[in-house]
Amino acid sequence: MAVAAAGGGRAQRSGWLEVLVRDRWHKVLANLCGEALVLSGEERPDGAAHNGLGGDGAACRGAEGGGGAAAVRTAFTDPPEQVPEAVSNKKRCVKVLKHELGGLGISIKGGKENKMPILISKIFKGLAADQTQALYVGDAILAVNGTDLRDATHDEAVQALKRAGKEVLLEVKYMREATPYVKKGSPVSEIGWETPPPESPRLGCASADPLSQLSLSIHRDKKTIPLKMCYVTRNMAMPDPENRLIEVHSPDAKHTVVLRSKDSATAQAWFNAIHSSVNELIPRVIAEVRDQLGKTGIAGSREIRHLGWLAEKVPGDNEKHWKPVLVVLTEKDLLIYESMPRMKEAWFSPLHTYPLLATRLVHSGPGKGSPQSGMDLSFATRTGTRQGIETHLFRTETSRDLSLWTRSVVQGCHNSAELITEITTSCTYKSQECRLTIHYEHGFSLTTEPQDGAFSKTIAQYPYEKLKMSSDDGIRMLYLDFGGKDGEIQLDLHSCPKPIVFIIHSFLSAKITRLGLVA
């Protein structure tokens with residue numbers, strides 16, 4: 001039964017769910033606690049499943065053919081109680097002489113990507129490691145010939161063992177508490193998830209000893225999913241006709257955990273709780289990113305005003321094809337990323353950059369594919385660019401999110417107008433090279449290009465209230481009608497006029513809003 005409780009202002013919840021692993025559903029105990037979602041596996045018979053900790057290190061175990069199960073030492077044949085107490089949790093140095101056929105004769109599991117040390121999971125009888133009579137299933141390999149493996153990935157450990165030469169000196173430490181992982185596994189241990197905090201350039205702290213955290217990560221066979229900057233959504237990774245699924249996408253967009261509840265109501269309750277926990281972490285994330293970027297700012301802007309995950313409609317005929325995007329609003333731009341940047345430099349290279357001054361909010365039609373039936377949770381933005389108008393259709397997860405995002409985009413546009421104040425572009429008017437200046441306060445002015453050091457001359461000047469109508473041909477011509485005796489002013493902008501058209505709209509909208517009128 002699920003239990004909800006208030007804790008530190010963040011939704012807390014506990015109960016049984018199912019998790020999708022290798023195309024099969026498995027029952028797990030889910031606990032939403034603090035800033036993480038913890039999934040604990042059910043108790044299962046020993047050896048019920050492969051534990052999935054990155055796979056056996058086949059490259060360093062050598063030949064295993066012909067011997068069958070009896071030719072392999074495992075945690076079943078060498079249980080922890082048979083390992084001498086004097087060996088447990090003490091570092092040892094063991095010299096192994098590689099065989100020409102069979103190598104070291106071990107299999108390894110674990111690695112930094114699994115938040116585990118490099119563990120010996122099998123020892124093949126009669127081969128080099130077995131002949132030492134000094135190595136055990138469950139030994140953590142700390143170093144190979146002096147090369148430290150405490151922070152190594154599984155592949156790095158395999159390569160180190162392969163390069164070690166004929167005489168191999170292993171520094172090991174028997175980890176009795178590691179037996180559950182080398183002895184058996186559960187679907188929980190097969191969930192791939194590695195999400196360093198966004199401000200961290202590494203997959204963890206270099207000074208931390210992975211062995212000291214081992215007991216925390218293996219007891220009760222659980223997977224901890226940090227929720228900071230996760231994307232919690234529904235109906236994206238897979239169809240959900242019964243409305244029972246919840247999707248948690250990792251900040252780096254590389255992993256997705258799909259959970260299933262017993263019914264639609266329970267699924268919605270779980271979604272609301274997890275979604276609320278993620279949202280409450282966003283102000284802290286913004287503060288951390290500001291500290292990370294310092295005075296350099298972000299992609300040409302000075303500060304982040306709002307950020308979060310949205311679903312973006314993928315162009316095409318498939319009405320239900322959406323993808324996750326990270327959207328960031330600064331004081332003057334709308335930035336789109338494919339994932340949460342980890343390194344400082346990644347913040348400077350968004351997938352798309354759109355100036356808010358040339359962007360307007362467009363309310364979309366009925367929310368096709370919205371996660372909650374009958375609710376329109378989508379909105380669109382249109383930006384005038386030199387290539388024409390670019391449109392993006394986004395979907396939020398809740399009506400509150402929709403209100404927050406639409407308000408942020410509109411306010412961002414208006415604040416950008418007040419911040420930038422004026423823009424100037426070259427143009428041709430009546431066969432004369434000129435400059436068109438649009439000022440937030442003073443309106444429009446058309447001046448000649450200065451020639452031979454002479455000052456420019458003002459050809460025309462109009463306040464906003466004189467503008468009767470504006471239009472364009474979508475190619476290079478801008479038409480402004482101020483109602484005077486000269487009639488419509490025709491300006492050749494030498495490129496697509498859409499950015500200028502959208503900027504005029506933004507200036508007008510911001511001025512109207514400032515006056516307390518409806519834009």
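**Exercise 1. Describe where the charged end of R360 sits, and find a second arginine over a ring.**

Solution. The charged end of R360 sits over the ring of F502, 4.1 Å from the ring centre. A charge sits over a ring if NZ of Lys or CZ of Arg is within 6 Å of the ring centre and within 35 degrees of the ring normal. R395 lies over the face of W322, at 5.2 Å from the ring centre.

The model is predicted: local features need pLDDT of at least 70 and side-chain atom pairs count only at pLDDT 80 or more, while totals for chains, interfaces and linings use all residues. Residues are numbered from 1 along each chain as its sequence is written, and side-chain values use heavy atoms, with hydrogens and water left out.

**Exercise 2. Work out how the span of helix α8 relates to the expected span, and what its buried residues pack against.**

Solution. Step 1: identify the element. Helices (H or I, at least four residues) and strands (E, at least two) are DSSP runs, numbered from the N terminus. Helix α8 covers residues 399-420, which is 22 residues.

Step 2: compare the spans. The expected span is 1.5 Å times one less than the number of residues. From first C-alpha to last, α8 reaches 31 Å, close to the expected 32 Å.

Step 3: list the buried side. Buried means under 20% relative accessible area, exposed over 50%, and partly exposed in between (1.4 Å probe, protein chains only). Among the buried residues of α8 are L402, W405, V409, C413 and H414. An α-helix has 3.6 residues a turn, so residues three or four places apart point the same way.

Step 4: find the partners. The buried residues of α8 pack against α6 (264-280), α9 (498-514) and the strands β16 (304-313), β17 (322-330), β20 (359-363) and β21 (378-385).

Step 5: look past the end. T421 follows α8 and has a positive phi, near 70°.

**Exercise 3. Is H306 buried or exposed, and which residues does H306 contact?**

Solution. Step 1: H306 is placed in strand β16. Its relative accessibility is 11%, so H306 counts as buried.

Step 2: contact means heavy atoms within 4.5 Å. Leaving aside neighbours within four places in sequence, H306 is in contact with I286, V327, V328, L329, L404, W405 and S408.

Step 3: the C-alpha atoms of H306 and L329 are 5.1 Å apart, although the two residues are 23 residues apart along the chain.

**Exercise 4. Place strand β25 among its neighbouring strands.**

Solution. Step 1: β25 (residues 443-448) is mostly covered, with 6 of its 6 residues buried.

Step 2: two strands pair if DSSP finds at least two bridges between them. β24 (residues 432-439) pairs with β25 in the antiparallel sense over 6 bridges, and a hairpin through 3 residues joins them. C434 has T448 of β25 as its bridge partner.

Step 3: β25 also runs antiparallel to β26 (residues 458-462), joined by 4 bridges. In this pairing, F444 stands opposite Y462 of β26.

**Exercise 5. Locate F444 in the largest nonpolar core.**

Solution. Step 1: a nonpolar core is a set of buried Ala, Val, Leu, Ile, Met, Phe, Trp, Tyr and Cys residues joined through side-chain atoms within 4.5 Å. The largest one has 29 residues, and F444 is among those that touch the most other members, together with I438, L446, L478, L480, L491 and F507.

Step 2: elements supplying at least two residues each include β24, β25, β26 and α9. The largest share, 7 residues, comes from α9.

Step 3: beyond four places in sequence, the contacts of F444 include I438, Y462, L480, F482 and I504.

**Exercise 6. Classify the ring pairs of F482 with F444 and with Y462.**

Solution. Step 1: Phe, Tyr and Trp rings (for Trp, the six-membered ring) pair if their centres lie within 6.5 Å; planes under 30 degrees apart count as stacked, over 60 as edge-to-face and the rest as tilted. The whole structure holds 8 aromatic pairs.

Step 2: the rings of F444 and F482 have centres 5.2 Å apart and planes at 65°, so this pair is edge-to-face. F444 lies in β25 and F482 in the loop between β28 and β29, so the pair ties together parts 38 residues apart in sequence.

Step 3: F444 is buried at a relative accessible area of 2%, and F482 is buried at 6%.

Step 4: Y462 and F482 form a stacked pair, 3.9 Å centre to centre with 5° between the planes. Y462 in β26 and F482 are 20 residues apart.

Step 5: ring pairs link F444, Y462, Y464 and F482 into a cluster.
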